[in-house]
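Trainee: I am new to this structure and would like a close look at a single part of it. Could you take me through one strand and its surroundings, step by step?

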Amino acid sequence: QVHVVESGGGLVQPGGSLRLSCAASGSIFGITDMGWYRQATGKERELVATVTSGGRTNYADSVKGRFTISRDGAKTTIYLQMNSVQPEDTAVYYCNFRAQYVYWGQGTQVTVSS
């Protein structure tokens, strides 16, 4: 059975940094890509960043130049380095691993506030 768990969320001041982690336990065969998504209160879930199994990355325009997605060599853990965060980055952040199925974590809250 596969479990996906995010960590690293919390309260951060505007302009600060935060690093999120997402670890998958269990066996996932044929991963094609991994990603971070977020959902703010009252809004739909939106893509933040993705990375393919080959290492190609893609970012939402709103986070380009501020956020960086990365993965470990085993492709079981992905990270989201968040720099220069702004109040509009406040949301629950979810990660997923996409293979034959899509495996989601339970989310981690990020709050940007002074």
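Mentor: What follows is a walk along strand 4, its partners and its charged side chains, with a short look at another sheet at the end. Please keep in mind throughout that this is a predicted model.

Let us begin with the setting of the strand. Strand 4 covers residues 33-39, and because six of its seven residues are buried, the strand is largely enclosed by the rest of the structure. One partner is strand 5, residues 46-52, which runs antiparallel to strand 4 and is joined to it by six bridges. If you want a place to look within this pairing, take Tyr-37, whose bridge partner in strand 5 is Leu-47. The two strands form a hairpin with six residues between them, and in the turn you will find Gly-42, which has a positive phi of about 80°.

Strand 4 also pairs with strand 9, residues 91-98, again in the antiparallel sense, and here the pairing extends over seven bridges. A useful marker for this pairing is Gln-39, which stands opposite Val-92 in strand 9.

Now turn to the charged side chains. In general, side chains of opposite charge can pair when their charged atoms come close. The structure holds five salt bridges, and several of them involve the strand we are examining. Asp-33 forms one with Arg-98, where the closest N and O atoms are 3.5 Å apart. Since Asp-33 lies in strand 4 and Arg-98 in strand 9, this pair ties together parts that are 65 residues apart in sequence. Asp-33 counts as buried, at 16% relative accessibility, while Arg-98 is partly exposed, with a relative accessible area of 29%.

Further along, Arg-38 deserves a careful look, for this residue counts as buried at 5% relative accessibility and yet takes part in salt bridges with Glu-46 and with Asp-89. In the pair with Glu-46, the closest N and O atoms are 2.8 Å apart, and Glu-46 itself is partly exposed, with a relative accessible area of 36%. In the pair with Asp-89, the N to O distance is 2.9 Å. This second pair links distant parts of the chain, as Asp-89 sits in the loop between strand 8 and strand 9 whereas Arg-38 is in strand 4, 51 residues apart. Asp-89 counts as buried too, at 1% relative accessibility. Through shared partners, salt bridges join Arg-38, Glu-46, Arg-66 and Asp-89 into one network.

For orientation, it helps to place another sheet of the structure beside this picture. Four strands form an open sheet in the order 1-3-8-7, with antiparallel pairing. Its edge strands, each pairing on one side only, are strand 1 (3-7) and strand 7 (67-71), and neighbouring strands of the sheet are turned by 15° against each other on average, direction ignored. Within this sheet, strand 3 (residues 18-25) and strand 8 (residues 77-82) are joined by six bridges, with Leu-20 having Leu-80 as its bridge partner in strand 8. Strand 1 pairs with strand 3 over five bridges, also in the antiparallel sense, and there the bridge partner of Val-5 is Ala-23. In a regular strand, side chains alternate between the two faces of the sheet. Strand 1 has a covered face with Val-4 and Glu-6, and an uncovered face with His-3, Val-5 and Ser-7.

Note on methods. Residues numbered from 1 in each chain as written. Predicted model: local features only at pLDDT ≥ 70, side-chain atom pairs only at ≥ 80, totals over all residues. Heavy atoms only, no water. Pairing = 2+ DSSP bridges. Axes fitted to C-alpha atoms, helices over the stretch in contact; angles between N-to-C directions. Buried < 20%, exposed > 50% of the residue type's maximum accessible area, 1.4 Å probe, protein only. Salt bridge = Lys/Arg side-chain N within 4 Å of Asp/Glu carboxyl O.
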